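Work through the exercises below with the sequence and the model side by side. Each task is followed by a solution in steps.

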Amino acid sequence: MTEPESPHIPAMDPTRGPDAPVVAPPCRPDAARALFLDRDGVINIDHGYVHQEERFDFIDGIFDLTRAACRLGHRVVVVTNQSGIARGYYTESRFHALTDWMRAAFEREGSRIDAVYFSPFHPTKGIGPYRREDPSRKPGAGMILQAARELNLDLGGSLLVGDRLSDIQAAAAAGVGRALLLVHPAERAPEDPPCPVIASPRDAIPWLM
Ligand SMILES: [Mg+2]
């Protein structure tokens, strides 16, 4: 197992301590709407700590969704917890190489990923500097708020698609207008889902309108 590299520390607002209320940045008149996507379980089948191209199986319908988002002028932004980095299963540079490969695939399919944010931390399983509570880790809102600041996004007009309740909680904490829980046909939806449930990324397309 290779040593973890020095962690990527997302730039957080220095005025915001861990207990400060989460406040979405004010959006400028030219702010863009975004389609936020979780990665594992939404873009690719969640085989568990996927970090190799050979194990990266795109989920049916994901390219239809991102093509529609691009056509409608949404930014497409991936927000992904990557505790596999914290746990020492793979490095940040391996994650980046896989991300470059993934983004090229989206471009070949006639769409685009505008930005990818990842949280390499875990509060109890992380090794060395990766072991910490971090506001970037979902259900925290850190990655979404960072994207909103850096890309000038209208969070209220944006949509998030996730496959875990922590994705939906992160969207709510950040003030994302709508969220959808993707539950694959072989799986069971939670008893009392906090948002609409969809069975394919394609089902999210009408929610972009
Ligand atoms: Mg997921």
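## Exercise 1: the surroundings of Ala179

Apart from neighbours within four places in sequence, Ala179 is in contact with Leu160, Gly162, Ile168, Ala171, Ala172 and Cys195. The model is a predicted one.

Task. Locate Ala179 among the secondary structure elements, and decide whether Ala179 is buried or exposed.

Solution.
1. Ala179 belongs to strand β5, which spans residues 178-182.
2. Within 10 Å of Ala179 there are 22 other C-beta atoms. The cut-off for a buried residue is 20 or more, so Ala179 counts as buried.
3. Two of the contacts can be placed by element: Leu160 lies in β4, and Ile168 is one of the buried residues of α5.
4. For a distance across the fold, take Ala179 and Val197: they are 18 residues apart in sequence, and their C-alpha atoms are 9.2 Å apart in space.

## Exercise 2: the sheet

Task. Determine the order in which the 6 strands form the sheet, and explain why β3 and β6 each have one side without a neighbour in the sheet.

Solution.
1. Start with the elements: the protein chain has 5 helices and 6 strands. Their pattern along the sequence is β-α-β-α-α-β-α-β-α-β-β.
2. The strands make an open sheet with parallel pairing, in the order β3-β2-β1-β4-β5-β6.
3. β3 (115-119) and β6 (197-198) are at the edges and have a single partner strand each, so one side of each lacks a neighbour in the sheet.
4. At the β3 end, 5 bridges connect this strand in parallel to β2 (residues 75-81). Val78 is opposite Val116 of β3.

## Exercise 3: strand β1 and its partners

Task. Find which residues stand opposite Phe36 in β2 and in β4, and state which residues of β1 are buried on its two faces.

Solution.
1. β1 pairs with β2 in the parallel sense through 4 bridges. Phe36 has Val77 as its bridge partner in β2.
2. β1 is also joined to β4 (residues 159-162), again running parallel, by 3 bridges. Here the residue opposite Phe36 is Leu160.
3. Both faces of β1 are covered: Ala34 and Phe36 are buried on one side, Leu35 and Leu37 on the other.
4. The connection from β1 to β2 can be traced through α1: together the three elements make a right-handed β-α-β unit.

## Exercise 4: helix α5 and the nonpolar core

Task. List the buried residues of α5, and explain why they are on the same side of the helix. Then state which element gives the largest share of the largest nonpolar core.

Solution.
1. In α5 (residues 165-174) the buried residues are Asp167, Ile168, Ala170, Ala171 and Ala174.
2. Their arc around the axis is only 160°, so they lie on the same side of α5.
3. The elements that cover them include β1, α4 (142-151), β4 and β5.
4. Directly after α5 comes Gly175, with a positive phi near 85°.
5. The largest nonpolar core contains 46 residues, and those with the most contacts inside it are Phe36, Leu37, Ile144, Val161, Ala171, Ala174 and Val176. Its largest share, 5 residues, is contributed by α4.
6. As a general tendency, nonpolar side chains in soluble globular proteins are buried together.
7. For the whole protein chain of 209 residues, 36% count as buried.

## Exercise 5: loops and backbone geometry

Task. Find where the cis peptide bond lies, and which loops hold Tyr49 and Asn152.

Solution.
1. The cis peptide bond is between Lys138 and Pro139, with omega about 20°. Pro139 is in the loop between β3 and α4.
2. Tyr49 has a positive phi near 50° although this residue is not glycine. Tyr49 sits in the loop between β1 and α1 and is partly exposed, with 15 other C-beta atoms within 10 Å.
3. Asn152, also not a glycine, has a positive phi near 55°. Asn152 is placed in the loop between α4 and β4 and is partly exposed, with 15 other C-beta atoms within 10 Å.
4. Gly48 lies in the loop between β1 (34-37) and α1 (62-71). With 9 other C-beta atoms within 10 Å, Gly48 is exposed.
5. Gly48 and Gly84 are 36 residues apart in sequence, with 8.9 Å between their C-alpha atoms.

Definitions and conventions: Residues numbered from 1 in each chain as written. Predicted model: local features only at pLDDT ≥ 70, side-chain atom pairs only at ≥ 80, totals over all residues. Pairing = 2+ DSSP bridges. Buried ≥ 20, exposed ≤ 12 C-beta atoms within 10 Å, placed from the backbone. Right-handed = clockwise from strand over helix to strand, strands pointing away. Contact = placed C-beta atoms within 7 Å. Arc of directions from axis to C-beta. Core = buried A, V, L, I, M, F, W, Y, C linked by C-beta atoms within 7 Å.
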